[in-house]
Amino acid sequence: MEMTVQLTIDCSDPQRMVTFWAEALSYVPEPPPAGHATWRAYWAAAGVPEAELPDGAGDIPESIIDPAGRGPRVWFQQVPEPKVAKNRWHFDLKVGGGRDVPLDVRTQRVNATVERLVKAGATVLRIKDEPDMGLYAAAMQDPEGNEFDVV
């Protein structure tokens with residue numbers, strides 16, 4: 001049996017999340033299916049009632065995909081309630097290269113990614129700098145407050 005995986009993330013502003021996470025994961029916004037100008041047009045053709053689509057839903061992509069086809073599709077589902085507690089899951093963006101890479105090189109890679117993602121709208125929560133353990137990482141939040149780590 002074939003299976004694909006999609007990660008669905010509840011949010012208040014799908015377009016903002018698409019922009020941020022496409023940058024963070026090196027993904028691209030997912031184009032609508034062939035023959036449809038927008039996802040909204042596709043959903044309408046598939047029979048989704050207009051009443052089930054919030055204003056603006058599907059006018060621009062609300063999902064991102066890995067252009068190499070290796071990672072899961074990520075869909076940002078608009079919901080009315082805000083995030084109120086810590087995530088029970090999070091992304092680890094492993095940019096350092098692992099423990100075979102010298103700590104100073106890993107630190108530079110993490111810092112470069114942190115800087116890029118702060119410019120894209122992320123917030124640094126804390127830096128974990130433990131050279132005795134060979135660890136350098138950053139705990140961050142995306143534009144809607146979802147936690148993730150850069151390692």
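**Exercise 1. In this predicted model, find which residues of the largest nonpolar core touch the most other members.**

Solution. Start with the full set: the core holds 24 residues. Rank them by how many fellow members they touch, and Trp21, Ile64, Phe76, Leu117, Phe148 and Val150 come out on top.

Next, ask where the core comes from. Strand 1 (6-11), helix 1 (14-25), strand 4 (73-78), strand 5 (91-93), helix 3 (103-119), strand 7 (135-141) and strand 8 (147-150) each chip in at least two residues. Helix 1 gives the largest share, with seven residues.

Now zoom in on Leu117. Skip the neighbours within four places in sequence, and Leu117 still contacts Phe20, Glu23, Ala24, Leu93, Ala122, Met140, Phe148 and Val150. Contact here means heavy atoms within 4.5 Å.

**Exercise 2. Work out the strand order of the open four-stranded sheet, and which helices pack on the sheet.**

Solution. Step one is the order: it reads 5-8-7-6, and the pairing is mixed. Strand 5 and strand 6 (123-130) sit at the edges, each pairing on one side only. On average, neighbouring strands are turned by 20° against each other, direction ignored.

Step two is the pair at one end. Strand 5 and strand 8 run parallel and are joined by three bridges. Look at Phe91: its bridge partner in strand 8 is Phe148.

Step three brings in the helices. Helix 1 packs on the sheet by touching strand 5 and strand 8, with its direction at about 45° to that of strand 5. Helix 3 also packs on the sheet, touching strand 5, strand 6, strand 7 and strand 8. The direction of helix 3 makes about 10° with that of strand 7.

Methods:
Residues are numbered from 1 along each chain as its sequence is written. This is a predicted model: local features need pLDDT of at least 70, side-chain atom pairs count only at pLDDT 80 or more; totals for chains, interfaces and linings use all residues. Side-chain values use heavy atoms; hydrogens and water are left out. A nonpolar core is a set of buried Ala, Val, Leu, Ile, Met, Phe, Trp, Tyr and Cys residues joined through side-chain atoms within 4.5 Å. Buried means under 20% relative accessible area, exposed over 50%, partly exposed in between (1.4 Å probe, protein chains only). Two strands pair if DSSP finds at least two bridges between them. Axes are lines fitted to C-alpha atoms, for helices over the stretch in contact, and angles run from 0 to 180 degrees between N-to-C directions.
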